[in-house]
Amino acid sequence: MADHFAAFSFVDRITDFTPGVRARGQFAVPAALPAFRSCLVAEAVGQLAAWVAMAQVNFRGRPVAALASETRFHGDVAPGAVLGLAVEIDSCDDEAVAYSGCATSDDALAIELLDCLGPMLPAAEFDSPEALAARFELLRGRGAPPGRFDGVPMPGIVRGAGVPGESLAAVLHVPAMAPFFADHFPRCPVFPATLLLDAQIGLALQLAAEAPDLPAGTQPAPVRITHVKMRSFIPPGEVLALDAQRAPTGGGTGQIMLRARAGDKTVSTARLEYAPRGVA
Amino acid sequence: MTQPEITRDEIMAVFPTIAETMADALGCDVDDIKLDVSLIEGLDAESIDFLDMVFRLERAFKIRIPRGKIVENARGTLSEAEFEQNGLVTGVGLAQLRAYLSEVPAERFKTPTKVKDIPRLFTPETFCKLVISAQRSAKAPG
């Protein structure tokens, strides 16, 4: 169980806590990591909200990723940085938690999550409620030892067919085994939605980079992702078909509709807005 | 206390915002959102879409809609036991459901009706009623 609360856990300590209302916390990004991607910063914010929600229902339920109205990308987080996390809970009960939150690094805003909703499912189906409660007490107290996270093997995508600047398809092979499955979740391994989104954003940026209206000397960078909707759990070993459709808005900016399917079933949808960023 | 019947004018007043909200949630054209279209069978909505629509409507209308509120509203003054037994809507429950979902054609009600299949009957008008009911509750004293 060495990976439990380590391989995919991004809250070291909860420093400020108003039950069912708000919380602040932190996560020390290990300096030895090659990078700490934005999707993991978003995951950290969501996990802080999940701790507040689980505590609110006495660990009967745990929220799962479902809806994120808007995520704004403000800046990168470097390995070695200490993430400051904050969440405001709009509502929380045995059915769902609604929240917004943000993460900062060196006092600069790194990411904002606005109007997210996670349905609450029976916690015991995913993890030991007793272990979760004990972990929460640790996080509320002296905190977890930093440096537990060794990085995530980001699943690669195999590029498929497309129309340059208009659409692009790819296949994502979810690993059958990975350390993060022992943490997300111990009793029910699920491929994290944030890792799927990371792969989808990567695909979208490939598409945008090939668009004829992208100004010379720039690369597309994500501005915000909206309408994120996770329709079903993704088990280990699943093969996902990803597709991205671009709607240009001028000046090298644009919106890309993202979809992931498992067979005939759509498992997630989202919309990415991007803008050109100068290449150093 | 029972609420007065919801009028056609009230429904038409909230419908444009509801149609826009639903179209955004379902990723379809706003013109596809007709008052009487079945959300599941006509617009391929899934349970996550219902959650999404309710979440969006709460913000659009600045109201609170408790989960499961549609069925609670549909049940009216009936107790849970009067409305359903062993996962099936009772005879008196079905009559109540038909009255509440008056916009749904009679042939779409099946006998017996499983409680879990009630969302198959929902239309945009159902959500109009839900919003109006929540607005009235918010305005009600005490």
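**Figure 1. Contacts and overall build of chain A.** In this predicted model, take the contacts of chain A between residues at least 6 apart in sequence: 71% of them join residues at least 24 apart. The chain carrying those contacts has 3 helices and 13 strands. Its C-alpha atoms sit in a box of roughly 55 × 40 × 35 Å along the principal axes. The radius of gyration of chain A is 18 Å, which agrees with the value near 19 Å that a compact globule of 280 residues would have. Of those 280 residues, 54% are buried. What is left open to solvent adds up to an accessible surface of about 11600 Å², with 53% belonging to carbon and sulfur atoms. As for charge, chain A has 22 positive and 29 negative side chains, and the centres of these two sets are 1 Å apart.

**Figure 2. Helix H3 of chain A.** Here's H3(A), covering residues 193-209. How far does this helix reach from its first C-alpha to its last? The answer is 24 Å for 17 residues, close to the 24 Å expected at 1.5 Å a residue. H3(A) is mostly covered, too, with 14 of its 17 residues buried. If you're looking down the side chains, keep the usual periodicity in mind: an α-helix has 3.6 residues a turn, so residues three or four places apart point the same way.

**Figure 3. A:Phe180 and its neighbours.** Zoom in on the loop between strand E9 (167-173) and H3 of chain A, and you'll find A:Phe180. Is this residue buried or exposed? A:Phe180 is buried, because its relative accessible area is just 1%, and the cut-off for buried is under 20%. Leaving out residues up to four places away in sequence, A:Phe180 touches A:Ala7, A:Phe8, A:Val152, A:Pro153, A:Pro175, A:Phe191, A:Pro192 and A:Leu195. Another residue to pick out in this view is A:Phe5: it is 175 residues from A:Phe180 along the chain, yet their C-alpha atoms are separated by 9.5 Å.

**Figure 4. Backbone oddities in chain A: A:Phe5 and A:His184-A:Phe185.** For background, most residues other than glycine have a negative phi, and most peptide bonds are trans. A:Phe5 goes the other way on phi, with a positive value near 60°. A:Phe5 lies in the segment before strand E1 (13-18) of chain A, and at 11% relative accessibility it counts as buried. For the peptide bond, look at A:His184 and A:Phe185, which are joined in cis with omega at about 10°. A:Phe185 is in the loop between E9 and H3 of chain A, and A:Phe180 is found in that loop as well.

**Figure 5. A:Val239 in strand E11 of chain A.** Strand E11 takes in residues 239-250, and A:Val239 is part of it. How exposed is A:Val239? Its relative accessible area is 40%, so it counts as partly exposed. Residues up to four places away in sequence aside, A:Val239 touches A:Val171, A:Leu172, A:His173, A:Arg261 and A:Ala262. One of these contacts, A:Arg261, is 22 residues away in sequence and 8.5 Å away in space, C-alpha to C-alpha.

**Figure 6. Chain B, start to finish.** Now for chain B, with its 6 helices and 2 strands. Reading from the N terminus, the order of elements is α-α-α-α-β-β-α-α. The radius of gyration of chain B is 15 Å, close to the 14 Å from the globule rule for 142 residues, so the chain is as compact as a globular protein of that length. Its C-alpha trace spans about 40 × 35 × 25 Å along the principal axes. Buried residues account for 47% of the 142. Among contacts between residues at least 6 apart in sequence, 62% join residues at least 24 apart. The accessible surface of chain B is about 7600 Å², and carbon and sulfur atoms hold 52% of it. The mean positions of its 18 positive and 23 negative charges are 4 Å apart.

**Figure 7. Two backbone spots in chain B: B:Asn86 and B:Thr111-B:Pro112.** B:Asn86 isn't a glycine, but its phi is positive at about 55°. You'll find B:Asn86 in the loop between strand E1 (84-85) and strand E2 (88-89) of chain B. With a relative accessible area of 81%, B:Asn86 is exposed. The other spot is the peptide bond from B:Thr111 to B:Pro112, which is cis with omega near 0°. B:Pro112 belongs to the loop between helix H5 (91-100) and helix H6 (124-139) of chain B.

Key:
Residues are numbered from 1 along each chain as its sequence is written. Chains are lettered from A and ligands numbered from 1 in the order in which they are written. This is a predicted model: local features need pLDDT of at least 70, side-chain atom pairs count only at pLDDT 80 or more; totals for chains, interfaces and linings use all residues. Side-chain values use heavy atoms; hydrogens and water are left out. Helices (H or I, at least four residues) and strands (E, at least two) are DSSP runs, numbered from the N terminus. The radius of gyration is taken over C-alpha atoms; the globule rule is 2.2 Å times the number of residues to the power 0.38. Buried means under 20% relative accessible area, exposed over 50%, partly exposed in between (1.4 Å probe, protein chains only). Contact means heavy atoms within 4.5 Å. Accessible areas come from the Shrake-Rupley method with a 1.4 Å probe; for residues, only the protein chains shown count as cover. Lys and Arg count as positive and Asp and Glu as negative; His and the chain ends are not counted. The place of a charge is taken as NZ of Lys, CZ of Arg, CG of Asp or CD of Glu. The expected span of a helix is 1.5 Å times one less than its number of residues.
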